[in-house]
Amino acid sequence: MPVVTEIRYDAKAGRYRLFVDGAYCTSVRQRTFPALGIELGQRIDCDEIKRREAFHWKHAYGEAAWKKEKVRIARVKAIIEARFSGLEVLVEGFGADSNDFIPEHPKEPGKPDLSIRGKQSGQTYCALEVSGTEVRRGADYWVRPDKLSYAQHHPEQHVWICLHYARPSEKLVFIRPDPNQCYQPVPVRVGKAIEHYVLFDDDSRETGSLEDFYAFLLSQRPEHLLASRHEDPI
């Protein structure tokens, strides 16, 4: 079995260079290296090291988090369809319609999980990316830069981001990225790794409520929705 024989830190590049059986294997980002669990003398082959680096975030969270994400998507879909019987919410994002853990990346990062369209007209009104956590902590809302970038590069899709929190009480927060805003990610330590997020709060002009999102849908003039308003299931 191959063995990690050298770990060399390159301060200028901010990366760890890893050697297996005396030969250079790959370099790993400083911010993710602690989360990979790689150490000198460890029995592991080069391909596995590369795989851990490429998909470290999905493997760090594992299948349990993947399944919770599916629950969030299904819940948001149900809430919107319960409010407007004239709408259908389609699951379209990468892996969003599967309960299986997918250890790979989508072709276009940040592509939304859902699209919302009229049942009769077939017209698509917007796309919705679903994220969030089971328990909300703090006052800030964290959004990955790739989700914002996708929305900014596809203004014709009217992309919104929905953050769903199940506890301490169910809450949905909607964020509509500004296509002209240059968002600056900040480093956030999550577990052993450091990731970069754009932070929003309740005072951010992009941030809105469930009712704000409904108002947007109605502003698209789907007249058949006006007569099909139901009680919200939350």
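Q: In this predicted model, why is the contact between the side chains of Lys 77 and Glu 81 called a salt bridge?
A: The side chains of Lys 77 and Glu 81 meet at 3.2 Å, N to O, and because the criterion asks for a side-chain nitrogen of Lys or Arg within 4 Å of a carboxyl oxygen of Asp or Glu, the pair qualifies as a salt bridge.

Q: What makes the separation of Lys 77 and Glu 81 about one helical turn?
A: Lys 77 and Glu 81 are 4 residues apart in helix α3, which means that about one helical turn lies between them.

Q: How do you know whether Lys 77 and Glu 81 are buried, partly exposed or exposed?
A: Lys 77 has a relative accessibility of 24% and Glu 81 a relative accessible area of 26%; since buried means under 20% and exposed over 50%, Lys 77 is partly exposed, and so is Glu 81.

Q: Why is the pair Glu 170 and Arg 75 called a salt bridge?
A: The N to O distance between the side chains of Glu 170 and Arg 75 is 2.7 Å, and this value satisfies the cut-off of within 4 Å, so the contact counts as a salt bridge.

Q: What makes this pair a link between distant parts of the chain?
A: Glu 170 sits in the loop between β8 (159-167) and β9 (171-175), whereas Arg 75 belongs to helix α3 (residues 56-83), and the two are 95 residues apart.

Q: Why is Glu 170 called partly exposed?
A: Its relative accessible area is 30%, and because partly exposed covers the range between the 20% and 50% limits, Glu 170 falls into that class.

Technical notes: Residues are numbered from 1 along each chain as its sequence is written. This is a predicted model: local features need pLDDT of at least 70, side-chain atom pairs count only at pLDDT 80 or more; totals for chains, interfaces and linings use all residues. Side-chain values use heavy atoms; hydrogens and water are left out. Buried means under 20% relative accessible area, exposed over 50%, partly exposed in between (1.4 Å probe, protein chains only).
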